[in-house]
Every structure is written in C-alpha cells, then in structure tokens.
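Visitor: I'd like to practise reading a model like this one. Please take me through it feature by feature.

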Amino acid sequence: MRRHAYLLAGAVAAVIDAAPSWANAVYVSNERDNTVTVVDSKTMEVTKTIDVGQRPRGITISHDGKHLYVCASDDDTVQIIDTATHQIIGTLPSGPDPELFVLSPDGKTLYVANEDDNLVTVIDVEKKRVITEIPVGVEPEGMGISPDGKTMVNTSETTNMAHFIDTSTHEIVANVLVDSRPRFAEFKPDGSQVWISSEIGGTVSVIDNASKEIVKKITFEIQGLRSEAIQPVGVRITADGKKAYVALGPANRVAVVNTETYEVEKYILVGQRVWQLAFTPDGQNLISTNGLSNDITFIDTKSDEPIKSVTVGALPWGVTVAPN
Amino acid sequence: MTMKSTVPNTLVFFVACFFLLVNAPQPMAQQNPATKPVTEIRIGYLRAYEPQLALSVLDIPPEDEGVAGANVAINDNNTTGRFLGQSFSLDVVQTKREEDVVPVFREMLARGEKYVLTDISAKQLLSIADLARENGVLLFNVGSTDDILREQECRSNVFHTAPTRTMLADGLAQYLVWKQWRTWVLLYGSHEPDRLFADAIRRAAKRFGAKIVEERLYEDTGTARRTDSGVVQVQRQMPVFTQNLPQHDVVIVADESEVFGSYVPFRTWDPRPVAGTAGLIPSSWHPASEQWGGSQIQNRFEKATGRRMLGKDMQAWTAVRILGEAATRTNSNDTAKIEAFIKDENFSLAAFKGQKVSFRRWNWQLRQPVFLGDGRGVISTSPQEGFLHQFSELDTLGVDQPETACKLN
C-alpha cells in the first residue's frame, strides 16, 4: 500500500515534469461557414463550435484570456466573444472589411487593417471607439507590433509596401518596398527585426527595425514543386527568437527557418493551403490552419514533426490560443 | 529552381518618403506637399469604340469596358504614389473601328505621351507601332487577341496584356481533355475573327490530343437577333444545323461576331455541352471570380463603376499596374528605366490569378492563367494539373518559344 502511494506520487510528478502542462483553448476562424471552432490543445479534440458573423478571418485573444476578437469581414465589424460563455457580448467599430488585426502589448489598443478602404483603424478596446484612421497603401493586410508597442507595421498587398507606423503619433515613419502581395508582419521577440511574407513574390523579407532596411530576403525551394506554388503567408517566431515558422500556402508545408543563418532547415508537410500559425503558450506546439483540407495541424516544435490533424469548419483561416 | 527577388538590388534597401506632421490638430496622417516634388506619370489610352450588338442583351459590352479597369488601376497607383511623390493620370482618346488612328496618335505624341494602352484592331495597332518606337513610346495592347501581333508582326515596344486566341483555346482544350471529353465538333462563323478562333481551336485539338470529327460553317445571312420572330426561328434552326453529326462529346462554337454562337447551348440536336465563344468560355478574367483576393479588386471595381469587372477591364488594369509597379520600384518616370524594369527577366506582378503573371521575353506577351466560366461563375482555371512545362506551366497556353515566329530586334 505504501509502495503504491509512492508510485502514484511519482506518476503525478512525471506528468507535471513532462509538462504539455495545461490544456489551452485553441480558437480557429472558419471563413466559409461563419463559425469559430474551439479545440482543446491537450486532447487535440474539438470541444465547441461558436456561430459568429460573416466571413470570419482575423482572430486574436485578450491578454487575460477573457475576450476573443474576431474580424467578421463581411459584416464590417469585429466581434467580441466571452471565452467563458462563448457568447458574443459586443462589437468593435472596425471600419469596413476588417481582415487582420493586432492587439497592442498592453492590450488596450487594437489595430485593424481595412482591406477595401486602404486604412488602418486604431480602436480603443475598452471604450469601444475609433481613435483614428491611418491611410495606407492598397489592400492593407498584415499587421505586426513591436514588443515595446512603439512601432506598428502594416503591409499593403497591391502597393507592396511595409508601412512602419509610430503608435504614439499614428504617423507613417517609413515605407519599405517588399515583394508582391505582402501578407503578414511578425516582429522578433527582441523587437530588432520584422519579418514580412510576400505571397506572390514567394519570399520573406527581414527588415531591420532600426534602419528600416531589408537585411535578408529568404527564398524557398521544394523539390518537385513548381515555384509558383510556394506562397508564404503566416509567420511566427519562437519566444527565444531562434526559429521562424513560415506557412507556405498551396505548397502545403510550413518552413522552419533558422533566424541566425536564415537557412530553411526543414519543410513540415501539413494540410492543404496552409494559411496562419499560432503557438501554444508553452511554446511546445505550433498550430497551422489548412484552408482547403478544412483542418488544423498540431506540430511538435522540438522535433518539428506534425503530431495530429484535427478537422474543424469550412476553410479555416486564422488561429489563436488562450494564454491561460 | 530558387525564387528570385523581383526587386533590383539597388531598390532593396530603398526606404520611401517620410510623412511630416502639419501642426497635427487632427489625427489623420497628412503629407506636406512642400516636402516632396510630385512626379507626373501620364498614361494614354487609345481605343476604337462603337456600340456593339450581341445575341443576348447581357453580353453587350459596357461603353467604358477597359477604360474603367485602367481608371481603377490609376487610383491604385496613386494610393501607392502618395508615399513616393508620384501622380498618375489617364488620357483617353476615342476613335472609330475602321478609322485611321495615325492622326490621333500623332496628337498624343505631340502631348508627350510615353506610355499608351491600345484597344484597337491589329491593323490599327500596326499602323502606329513603328511610329511609337521612333518616338520612344511603349504600347500596351489591352484589346486585341490576334496571335499575329505576337508572332510575325511582333514589336519590341509592344507589350500584350490581352491573352491570344491560342492561349484561350489551349486553356479550354486542357480542361476538356482533363474531363476526357476528347471528341469535338466545331461550328464556326463566317467572319474573320470567327475563323481565327476556329484555327486556334484546331491547333489546340492537335496539341492536346482531342479530335474534331466534323466542322460546320454558319454563314451570316443577317439574322434577327433578339426579336420574337428571331427566337422562334432559332429554336427550329439550331437543331437542324446540328443534326446528323458523328458521335461527339462537346460542341465547340467559334463565333466572336455574335451571329449564332449564343443560340447553340440547349438547342443542339444531341444533348451535348457547348464551349468556345458560348457555353463554357475562356477569358482573362471572370466577373464572378473571388478567389486569390479577387473579391478585393471586384469590390473596388464595383464601387468605382457600378458594374462587375470584365476581361478587358482586367487587361487594362494589369497594364496600368505594370507601369505603376515599374515607376514605384524604379522611383522614376524615366521611359528607359521603366522599359528596362519591365523587360527584366525577374519582372512579375500580382493580378488576383493565384500566381504571379510575367512577360514572355520572346514576344512580350503576358503569361497568365485562363479562366473558364459560364454566364454565372468560374468553372475552372487553366493550366490544368498535369500539363507540364520545363520553364512555366503557364507556357503550356498559347504559342511557346520553340514554335514562335516572332523575331524581336
């Protein structure tokens, strides 16, 4: 009996040590069936489907994990969902056709790209009101913010620029030309660089945040695949800043890039038309949305191997994970 | 093959203009006009236009077809131009279909136009092409699908954003072959464009392993197009016209002149699908295309014009965007720099077609996917999967480099 209890205690300790730790809710926006799928990050199973507005795309969560924000593009609004009740509890005045957004590090301000109107709308999340609108290039899309919250980067898909915006003045301080159809902006955790993916150009431009110069243009090459099929979209960089993951769209793969050498170290085969990416808070898993196969893939970030694919709704687009 | 940058190295490190705040009472970003001289980039648009008949009232081309696309692209270029101090404008000149365009083109030259979009016949285009070259003017053919302009009569200063008939026919043929509908009959009209499209269909059949088991010519005897009596006659005529054909999978119609083609679907003797200039139609764009960011350009276009975007609108949009892209990336309106940029082997453009479009350097034809659609939506886009090419699968559409008759000098 005594021995038994000892073993049990050991088992519990082992579970805690192995630490896929806590289950986090994974939220996936499904562009074509107007839902958000909730997946348990530990069991990797669907726990709930939430009905939302039309054409949900960009999705993010408040830093306290209480509120989920979803761009309902065709409803011209951002919906707020209570993560405890899964009810829509309000909207934010996003301006027309919101597609992607980014929350400031202090959680108080939401920056929204309005694709049809060539604007970035700045929203006070608490007061639910528009602070200002910033005119940018044609078809604004990608939104990234520096860890100190001082610099916001928006990409415009037809203008082909990364617009650097000073968040204290809401003024554009630099416009950097990148390759065709820039879709996503991701800062390194130390704020030194911002990585911009170009879907049609097929590249990722690494821009130095201080000099606003492109220090490296990363290209991708997959044997047996025509270059036109390699279309970088979502980008995520690990918390230690050492590895970047780039979703390659119709190439159905996520590239793993060494951020020091800029070499592509691996291509991870996931589902069809891989679009956006998100880490679990412990950094152990990366989750990709695979639009055309209607699923998401969990990737182990140690081995960079896919663990499991989970079927979600129709045309999964964005993904975010609860911080707690 | 490694993806190469589309940006010349000198521009990679280019950082664009800074916005200055004007006292900043209001939060909107403003550009201080004094900080940057504005560079003007004027684009001419020469078109031969006359109202056209069609068998269906829905198919009558809108009066601003093409020009509307160019205007939307001018707006797009100006949004980008704001950041660089570049301003684009369009100078539209309209003539008639059979008219001599040399006098109006000379007027455009006198106004200093350096870039001119043309929506005129092949004959009209050839009457000004060399005059344009002597004056350092780049032409962008946005209207004519005549292969001859890219083959025997190609010019080093004429770019083509309109697809050729052979590209359109090949895009259609690939899909029909993929469907295993390999046995065709060909019904063609008696006018020159109809015969040229029929030639492109015959070539495509040979290229992709389809068989045309019979051809029939429909003589234009002056039908009553949309009137009541016409429709009654048509319902009796079309079955008879398609009677006693050998076994076939598809009826291909070549009638660009809109004399009989749109009457063929649902009226054939045998129940068969129809494709070509009626039924399943190949084109450079489809008003219902929403894929690959298409809904964005469609929304923008509809907001600006009040109608959906057609093929010629997209061809003109693309030409103006090519010039915008070149002006942005070279930060210049210098003709030599812009021409060199467009002619660079790494030049490409995003055009809502799922992959970049670029120029065939042997005849300056834009390589681009072909949409296949009916009156309602997009059925497919070519090239189809499995049609391989050593350089670009887009070059499985139309006359390829080894077979070209073009000799650029």
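Guide: Let's start with the labels: helices and strands here are DSSP runs, at least four residues for a helix and at least two for a strand, numbered from the N terminus. Keep in mind, too, that this is a predicted model.

Visitor: Fine. Where is B:Pro383, then?

Guide: In the segment after β14 of chain B. Look at the peptide bond that joins B:Ser382 and B:Pro383: it is cis, with omega about 10°.

Visitor: What does β14(B) pair with?

Guide: With β13(B). Residues 370–373 make up β13 and residues 378–382 make up β14, and the two pair in the antiparallel sense over 4 bridges. They form a hairpin with 4 residues between them. For one rung of that ladder, find B:Leu372, whose bridge partner in β14(B) is B:Ser380.

Visitor: Which residues does B:Gln174 touch, leaving out those up to four places away in sequence?

Guide: Both ends of that cis bond are on the list: B:Gln174 touches B:Ser382 and B:Pro383, along with B:Phe208, B:Gln384 and B:Phe387. B:Gln174 itself is found in helix α5 of chain B, residues 165–178.

Visitor: Is B:Gln174 buried or exposed?

Guide: Here the idea is to count neighbours: 20 or more other C-beta atoms within 10 Å make a residue buried. B:Gln174 has 26, so it is buried. Across chain B, 48% of the 409 residues count as buried.

Visitor: How is chain B put together overall?

Guide: Chain B has 10 helices and 14 strands. The domain assignment gives domain 1 as 9–163 + 286–368 and domain 2 as 166–283. Their contact takes 12 residues from domain 1 and 10 residues from domain 2. On the domain 1 side, that is 5 nonpolar, 4 polar and 3 charged residues. As for sequence range, take the contacts in chain B with a separation of 6 or more: residues 24 or more positions apart account for 68% of them.

Visitor: Which residues touch the most other members of the largest nonpolar core?

Guide: B:Ile201 and B:Ile252, in a core of 105 residues. Helix α9 of chain B, residues 311–330, gives the most to this core, with 9 residues. Domain 1 and domain 2 of chain B both give residues to it, so the core lies between them. If you want to look around B:Ile252, its contacts, sequence neighbours up to four places away aside, are B:Trp184, B:Val185, B:Leu186, B:Ile201, B:Ala275 and B:Gly276. There is also a second, separate core of 93 residues, and A:Val28, A:Val122, A:Val136 and A:Ile172 are among its members.

Visitor: Over to chain A. What is the strand order of the open sheet that includes β4?

Guide: It goes β4-β5-β6-β7, 4 strands with antiparallel pairing. To find the edges, look for strands with a single partner: here they are β4 (56–61) and β7 (87–92), so one side of each is left without a neighbour in the sheet. Direction ignored, neighbouring strands are turned by 25° against each other on average. Inside the sheet, β6(A), residues 77–82, pairs with β7(A) over 5 bridges, and A:Val78 stands opposite A:Leu92 in β7(A).

Visitor: And which strands form the open sheet that includes β8 of chain A?

Guide: β8-β9-β10-β11, in that order, with antiparallel pairing. Its edge strands are β8 (98–103) and β11 (129–135), each pairing on one side only. The twist averages 25° from one strand to the next. Between β8(A) and β9(A), residues 109–114, there are 4 bridges, and A:Leu103 stands opposite A:Leu110 in β9(A).

Visitor: What about backbone oddities in chain A?

Guide: Scan for positive phi in residues that aren't glycine. A:Glu139 has one of about 60°, in the loop between β11 and β12 (140–145) of chain A. A:Asn160 is another, with phi near 65°, and its place is the loop between β13 (151–156) and β14 (161–166) of chain A.

Visitor: Are those two residues buried or exposed?

Guide: A:Glu139 is buried, with 29 other C-beta atoms within 10 Å. A:Asn160 counts as buried too, because it has 29 C-beta neighbours inside 10 Å.

Notes
Residues are numbered from 1 along each chain as its sequence is written. Chains are lettered from A and ligands numbered from 1 in the order in which they are written. This is a predicted model: local features need pLDDT of at least 70, side-chain atom pairs count only at pLDDT 80 or more; totals for chains, interfaces and linings use all residues. A residue is buried if 20 or more other C-beta atoms lie within 10 Å of its own, exposed if 12 or fewer, and partly exposed in between; C-beta atoms are placed from the backbone. Two residues are in contact if their C-beta atoms, placed from the backbone, lie within 7 Å. Domain bounds come from an automatic or database domain assignment. Ala, Val, Leu, Ile, Met, Phe, Trp, Tyr, Cys and Pro count as nonpolar, Asp, Glu, Lys and Arg as charged, and the others, Gly among them, as polar. Two strands pair if DSSP finds at least two bridges between them. Axes are lines fitted to C-alpha atoms, for helices over the stretch in contact, and angles run from 0 to 180 degrees between N-to-C directions. A nonpolar core is a set of buried Ala, Val, Leu, Ile, Met, Phe, Trp, Tyr and Cys residues joined through C-beta atoms within 7 Å.
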